[in-house]
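Got the viewer open? Take me along on a short selection-by-selection tour, please.

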Amino acid sequence: MTTFIIRRLLHGLIILVLVSLLIFFAMRLLPGDPLLIYMAQHSQQNLQDLPPEVLEQLRHEFGLDKPLPVQYVNWILGILRGDMGDSFFYGQDVGTLLLQRFPVTVYLGILALIVSSIVGLTAGMLAAIRRGKWVDSIVTPLTYIGVCIPIFWLGILMIYVFGLKLNFLPIAGFTSPFDDFVLSIKQAIMPVICQSIFGVASNARQMRSSVLEVIRQDYIRTAWAKGLRERVVIFKHTMKNSLIPVVTLIGMGVSFIFGGSVLVETVFAIPGIGRLLVTSIFNHDYMVVQGVVLIMAIVVLLVNLIVDISYGSLDPRIRYG
Amino acid sequence: MDKRVEPVTKEPAGVTGFLEAPPHVSEWRRFSRVFFSRKIVLFGMVVLIILMFTAIFANLLAPYDPYTPDMSNSLLNPTREHLLGTDIFGRDTLSRLIYGSRTALAVGFISVGIASVIGISLGIVAGYFGGITNAIIMRAIDTLMPFPMIVLALLVAGLLGGGIHNVIVALSIATIPPYTRVTHGLALSIKENDYILAQRSMGSSNMRIMMRHILPNAFPPIIVLMTMMLGSLILAEAGLSFLGIGIEPPGAAWGGMVNDGYKYLQENPVLSFAPGLAIMLVVFAFNMVGDGLRDALDPRLRGLL
């Protein structure tokens, strides 16, 4: 088990280095000089009038005049020291920027993961054990529709219905739950629904087929034959065994939530890393894009590592060599 | 189409005598029976056929020109003349929706084509040769894995600058990993078969074995994956064009239309709702057809369905 974890950690570390190389060198292919964009934002002067010495000076300040491998090594060394470089556009340290934005995305993302797990697994379970009954005939079509909905469109639809027409919920923005709990929850409802809809649908679908597979097994028949109550058969014998294939899906769910945050945070004007990524890509803000993408990749890699390891506790048949 | 006879009947009489001969059902007949047995799959098929007709004959079907502004008719709600209303420039929403199907299908099909050719080739080569080739290819694919698909596409499209060509390139790169992973797994198991050994002993080249023997045997799961990917690609393209990366104005893309409508949600909600519904319907249709294909092509279900 320990060797397995160490091996997986090493593998993850190699991938992480490759990911950072990919991000860094891909960003350097970007057309458009970020420095000129920065200057256009921050000075009233006409760009043509700008003396080349000033540009050289700025290039030197941001470390853009050094060769690429040196820039890469400096970037990595900086990250290890906790310094992720400066944003050209926000004029702020990327680390500080991420520290403000990342918790927002994580907060909404965790809520969405909880919702998609609880709702998805319950719905899938119910649909399977009441196969062909009304629960199933409602849940199953919804799982098919849930994976087709463009989430940004769902967000707009909800804004129209609940925000503009019924005036139930605020149409956009984000408030920390520590500042104003009620407003925070109200503002979080629609984004969390958007973020979790895909997960709910795919979890329910996977859970349904997984439960249907498990209840055909001999040990379930034995459990019934022993005269165990339904509750015990379902929760003790069926559920745990059905969860094994679903856990992988929850690992992938993190990736989907980061992907979704790009769209959902744009729709609801939420100051998280998804929207930060979009604006930074448009602004050609190298350092921020690198930082955001790197953080997303690290989280996805870590979650998948945890998922791989947690198989063992769910399925004792799996042994790590 | 394919009227292959079950191979058992070709064996010498002495052998067949001991075996129960399976009923003669052609592969194609079985495929179409299973594929068309579910009404919802049929529905998906019909939607896709209509969609393709719409995309091909967009210029004949669209009641108005989708690009010419008509400021006097700005932001009309649905009327008899403009069935789905008009946008801020007075352009007919229905016409733009019809032209948008071209964008969606073009991006979907071309990206699936590019990504599958690259992904499948990498997967077969990695699985077949193993060793260092395998390690290099699969680590490269692992490097793309931790990126959410839309983030990767956004990154590439952002690097290259917008425009439909760059969106196609971005989405193709972002969707290579699933093809490689699936094909890699299939190639690993297929190459252990005796018929591959037989080919090798006959002196077939690696190229011939991969193209003629591994690829055809890996094809059924791949075609299902391709169909499913079409749906995801159309969703992702819509997401990118919603964010403003994609076809340049005045070109019509469904995701971009949702975004256009978002600004005028109070005045004309249909402008935003209609393209979203179109996206949903098309993605649903692709998923259903993919489901039907999977049922019909999965060898484990042979005899059950």
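How many of the nine residues of H12(B) are buried? Keep that in mind while you select H12(B), and remember that this is a predicted model.

**Stop one: H12(B).** The count is nine of nine, so this helix is largely enclosed by the rest of the structure. Click through the buried residues: Trp254(B), Gly255(B), Gly256(B), Met257(B), Val258(B), Asn259(B), Asp260(B), Gly261(B) and Tyr262(B).

**Stop two: the cover.** Now show what lies over those buried residues of H12(B). From chain B, the cover includes helix H5 (93-129), H11 and H13. Chain A takes part as well, with its helix H7 (151-165).

**Stop three: the contact between the chains.** Select both sides: 36 residues come from chain A and 32 residues from chain B. On the chain B side, the elements that give two or more residues are helix H6 (131-144), helix H7 (149-160), helix H11 (206-242), helix H12 (254-262) and helix H13 (270-297). H13(B) supplies the largest share of that side, with eight residues. Try coloring the chain B side by class: you'll get 22 nonpolar, eight polar and two charged residues.

**Stop four: chain A.** Hide chain B and switch to cartoon. Chain A has 12 helices and zero strands, so to speak a run of α after α along the sequence. Of its 321 residues, 38% are buried. If you draw a contact map of chain A, look well off the diagonal: among contacts between residues at least 6 apart in sequence, 72% join residues at least 24 apart.

Technical notes. Residues are numbered from 1 along each chain as its sequence is written. Chains are lettered from A and ligands numbered from 1 in the order in which they are written. This is a predicted model: local features need pLDDT of at least 70, side-chain atom pairs count only at pLDDT 80 or more; totals for chains, interfaces and linings use all residues. Two residues are in contact if their C-beta atoms, placed from the backbone, lie within 7 Å. Helices (H or I, at least four residues) and strands (E, at least two) are DSSP runs, numbered from the N terminus. Ala, Val, Leu, Ile, Met, Phe, Trp, Tyr, Cys and Pro count as nonpolar, Asp, Glu, Lys and Arg as charged, and the others, Gly among them, as polar. A residue is buried if 20 or more other C-beta atoms lie within 10 Å of its own, exposed if 12 or fewer, and partly exposed in between; C-beta atoms are placed from the backbone.
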